[in-house]
Amino acid sequence: MGKKRKHTETEAVAVLKKENDAPERPTRTLLGWKDKNEVNDNNEVVVKDVDSPFFRNKEKVLVTCSRRINYRYRHLMLNVVSLLPHCKKDNKVESKETKGATLNELVELKNCSSCLFFECRKAKDLYLWMAKCPNGPSVKFLVSAVHTMDELKLTGNHLKGSRPIVTFSTNFEKDAHWKLLKEMLLQIFETPKDHRKAKPFHDHVFVFSIVDDHIWFRNYQISVPHNEADKLPRGGLDKMTLVEVGPRFCLNPIKIFGGSFGGPTLYENPFYVSPNQIRALQKRKNAGKYAKKVKAKTRRKMHEMSNPLEPDEFADMWKE
């Protein structure tokens with residue numbers, strides 16, 4: 001039987017092999033070196049502890065909806081997904097009281113930082129939850145005036161995955177809650193510069209404008225002349241035109257919460273009227289029409305009873 005090799009000999013051989021081999025290359029990711037190391041010309045690993053001074057946008061948005069959603073609202077959600085290359089789509093979530101904890105868990109599992117949740121109630125009303133996870137804040141909107149790309153059939157067209165120019169009206173600087181909504185919309189709808197699915201072109205514009213305390217969304221294509229003779233000089237904006245692409249929708253803010261899908265209420269819209277109240281008022285109005293008809297019929301009968309007609313002397317003339 002051969003003698004067993006001592007541990008000191010094996011350790012020395014392993015150290016010699018490690019010195020002769022090339023240094024192990026650090027893991028390469030989309031965001032740079034994983035362990036913040038660099039390889040110089042002599043194939044030596046140089047450790048760098050200084051962070052990069054540049055800000056890198058790592059925004060990812062989870063887009064999902066509730067069960068029993070209407071087909072028009074589902075098409076609107078798919079249009080939003082096609083406009084955001086940095087989003088991730090997930091399965092439907094049950095619209096219950098515990099949906100906040102479920103969505104926060106889904107956002108963490110999908111490695112996202114924001115969430116857009118389309119919640120449909122009574123197959124009629126669409127609510128949009130816009131949240132920064134996991135610490136908040138979050139906003140609940142009522143979505144109205146919905147028009148999808150298939151319904152509009154507009155002539156505008158732009159490259160899928162291109163980066164948009166996000167613009168806001170001057171009304172967003174009026175109050176504190178509009179400033180907060182502007183910052184949230186900017187972070188969610190702005191495509192990161194170095195995202196792997198984004199294309200380095202700016203050929204469309206997202207427009208958010210406030211009219212009657214509602215946020216109106218429009219998407220326009222930047223149309224530029226294509227002929228060689230009509231090439232635009234630098235800064236020649238007079239020949240550029242905007243062609244609408246779609247979709248269209250209107251957001252009515254209901255509440256702003258301090259946490260993600262809940263928490264303390266930071267702002268509550270005093271002019272908000274729920275769709276249930278509007279439908280109840282309409283029913284009362286329609287019921288009032290029927291009540292007026294019944295009252296008019298009763299008054300007519302009472303009038304006929306109080307004012308009977310005099311008997312006609314020629315009524316039985318032709319019966320003989």
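# Cysteines, a busy strand and two buried residues

Author: Let's start with Cys115: the closest cysteine sulfur to its own is in Cys133, 5.4 Å away, and that is too far for a bond. Keep in mind that this is a predicted model.

Reader: ok, so what distance would count as a disulfide?

Author: The two cysteine sulfur atoms would have to be within 2.5 Å. By that rule the count comes to 0 disulfides.

Reader: and Cys112, how far is the nearest cysteine sulfur from that one?

Author: For Cys112 the nearest cysteine sulfur is that of Cys115, 8.2 Å away, and Cys112 is in no disulfide.

Reader: are those two buried or exposed?

Author: Cys115 is buried, with a relative accessible area of 0%. Cys112 counts as buried too, at 12% relative accessibility, because buried means under 20%.

Reader: cool. zooming out, how many helices and strands are there?

Author: The chain has 6 helices and 15 strands. Of its 320 residues, 34% count as buried.

Reader: what about contacts, how much is long-range?

Author: Take the contacts with a separation of 6 or more: 65% of them are between residues 24 or more positions apart.

Reader: and the surface, how much is there?

Author: About 22,400 Å² of accessible surface, with 53% belonging to carbon and sulfur atoms.

Reader: new topic. how covered is strand β14?

Author: Mostly covered. Strand β14 spans residues 248-259, and 9 of its 12 residues are buried.

Reader: which strands does β14 pair with?

Author: One partner is β9 (residues 138-147), joined to β14 by 8 bridges and running antiparallel. Strand β12 (residues 214-223) also pairs with β14 in the antiparallel sense, over 3 bridges. Then there is β15 (residues 262-268), antiparallel to β14 with 4 bridges.

Reader: can you give me residues to click on? which ones stand opposite each other?

Author: Sure. For β9, look at Phe141, which stands opposite Pro253 in β14. For β12, find Phe217 opposite Phe249 in β14. For β15, try Tyr267, with Ile256 opposite.

Reader: what's going on at the turn between β14 and β15?

Author: That's a hairpin with 2 residues between the strands, and Phe261 takes a positive phi near 60° there.

Reader: and where do side chains point along a strand?

Author: In a regular strand they alternate between the two faces of the sheet.

Reader: got it. you mentioned Ile256 and Tyr267, which residue from a helix is in contact with them?

Author: That would be His177. Leaving aside neighbours within four places in sequence, His177 is in contact with Ile256 and Tyr267. His177 lies in helix α5, residues 176-189.

Reader: is His177 buried or exposed?

Author: Buried, with a relative accessible area of 15%. The side chain of His177 also makes a polar contact of 3.2 Å with that of Trp178.

Reader: last one, where does Glu59 sit?

Author: Glu59 is in the loop between β4 (45-47) and β5 (61-65).

Reader: a loop, ok. buried or exposed?

Author: Glu59 counts as buried, at 7% relative accessibility.

Reader: so what does Glu59 touch?

Author: Not counting residues up to four places away in sequence, Glu59 touches His86, Ser113, Ser114, Lys132, Gln187 and Pro192. With Ser114 there is a side-chain polar contact of 2.3 Å.

Definitions and conventions
Residues numbered from 1 in each chain as written. Predicted model: local features only at pLDDT ≥ 70, side-chain atom pairs only at ≥ 80, totals over all residues. Heavy atoms only, no water. Buried < 20%, exposed > 50% of the residue type's maximum accessible area, 1.4 Å probe, protein only. Polar contact = N/O pair within 3.5 Å; in protein donor to acceptor, adjacent residues only side chain to side chain. Contact = heavy atoms within 4.5 Å. Areas by Shrake-Rupley, 256 points an atom, 1.4 Å probe, with all protein chains shown as cover. Pairing = 2+ DSSP bridges.
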